[in-house]
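I opened this notebook to keep track of what I looked up, step by step, in one model. The entries follow the order in which I asked my questions.

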Amino acid sequence: MGTMKIWVDADACPKVIKEILFRAAERRRVITTLVANQLLRCPPSPYIKTLRVGAGFDVADNEIVKQLAVDDLVVTADIPLAAEVISKSGHALNPRGEFYTKQNIGERLALRDLMAELRGSGVNTGGPPLFNQSDRLAFANQLDRFLAKHAGK
């Protein structure tokens, strides 16, 4: 088994979460790659990389899935991407600090599809709640615990 890496679905990732990831990459010496279809700014570091992909639906997601190795961590709020990551024995953590797991991903996909159906029929389902301090804290804590267990293996 190689060294675990972190992949970030960076187009929709909140800036504060990227900053937490940058600090963790440095501290734990974990290669962290931000994948996006736009140019990304990140601090100069041997542990932080960016991968720019072409524009288009799911291009970044597909690239992450293609490069993912067993036990890598993917930071994403994209539920279908999280499902693919789990099916490839990776780990998926959303920016609010919640891990997607084999146990909860089916329910998350079903709920996502239901909400999409409701929106498609004109129901205003609202958006996700605003990102706040407790989300940031939850993410930082989950990331720390995960890296303590998996990094440097």
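**Entry 1, a loop aspartate.** I began with Asp-58, which is partly exposed at a relative accessible area of 30%, and I kept in mind that the model I am reading is a predicted one. I located Asp-58 in the loop between β3 and α2, and its backbone caught my attention, since Asp-58 has a positive phi of about 65° although it is not a glycine.

**Entry 2, a second aspartate.** I then looked up Asp-71, another residue that is not a glycine and yet has a positive phi, here of about 75°. Asp-71 sits in the loop between α2 and β4. Is Asp-71 buried or exposed? I found a relative accessible area of 15% for Asp-71, and because buried means under 20%, I entered Asp-71 as buried.

**Entry 3, the sheet.** Next I traced the strands and asked in what order they lie in the sheet. I read an open sheet of six strands, ordered β3-β2-β1-β4-β5-β6, in which the pairing is mixed. β3 and β6 (99-100) each have a single partner strand and stand at the edges, so one side of each is left without a neighbour in the sheet.

I followed the pairing from β1 into β2 and noted that these two strands run in the parallel sense over four bridges. Along this pair I found Ile-6 opposite Thr-32 in β2, and Asp-9 opposite Val-35 in β2. I then moved on from β2 to β3, which are parallel and joined by five bridges, and here Thr-32 stands opposite Ile-48 in β3. Thr-32 therefore links my two readings, with Ile-6 opposite Thr-32 in the first and Ile-48 opposite Thr-32 in the second.

**Entry 4, the faces of β1 and β2.** I recalled that in a regular strand the side chains alternate between the two faces of the sheet, and I checked both strands with that in mind. For β1 I found both faces covered, with Ile-6 and Val-8 buried on one side and Trp-7 and Asp-9 buried on the other. For β2 I again found both faces covered, with Thr-32, Leu-34 and Ala-36 buried on one side and Thr-33 and Val-35 buried on the other. Five of the five residues of β2 are buried, so I noted β2 as largely enclosed by the rest of the structure.

**Entry 5, helix α1.** I turned to α1, which covers residues 15-28 and reaches 20 Å from its first C-alpha to its last, close to the 20 Å expected for its 14 residues. I listed its buried residues as Ile-17, Lys-18, Ile-20, Leu-21, Phe-22, Ala-24 and Ala-25. Against which elements do the buried residues of α1 pack? I found the strands β1 (6-9), β2 (32-36), β3 (48-52) and β4 (73-75), together with the helix α5 (133-150). After α1 comes Arg-29, whose phi is positive, near 55°.

**Entry 6, the largest pocket.** I then examined the largest pocket, for which I noted a volume of about 1,100 Å³. Its lining has 37 residues, and those nearest its centre are Ala-77, Asp-78, Ile-79, Tyr-100 and Pro-128. By character, I divided the lining into 18 nonpolar, eight polar and 11 charged residues. Among the helices, α2 (59-67), α3 (79-87) and α4 (105-120) each supply at least two lining residues, and the largest share, five residues, comes from α4.

**Entry 7, Ile-79.** I followed one of the central lining residues further and placed Ile-79 in helix α3, where it counts as buried at 15% relative accessibility. Leaving out residues up to four places away in sequence, I found that Ile-79 touches Tyr-100, Ile-105, Arg-108, Leu-109 and Arg-112.

**Entry 8, α4 and beyond.** Last, I checked α4, whose 16 residues should span 22 Å and whose end C-alpha atoms are 22 Å apart, which agrees. Just after α4, Gly-122 takes a positive phi of about 95°. In the loop between α4 and α5 I also found Gly-127, which is exposed with a relative accessible area of 59%. Gly-127 and Val-8 are 119 residues apart in sequence and, C-alpha to C-alpha, 22 Å apart in space.

Methods:
Residues numbered from 1 in each chain as written. Predicted model: local features only at pLDDT ≥ 70, side-chain atom pairs only at ≥ 80, totals over all residues. Heavy atoms only, no water. Expected span 1.5 Å × (residues − 1). Buried < 20%, exposed > 50% of the residue type's maximum accessible area, 1.4 Å probe, protein only. Contact = heavy atoms within 4.5 Å. 1 Å grid on protein atoms, 1.4 Å probe; cavity = no way out; pocket = protein on both sides within 12 Å on 5 of 7 lines; lining within 4 Å. Points joined across faces, edges and corners; volume = space filled by probe spheres on them. Nonpolar A, V, L, I, M, F, W, Y, C, P; charged D, E, K, R; others polar. Pairing = 2+ DSSP bridges.
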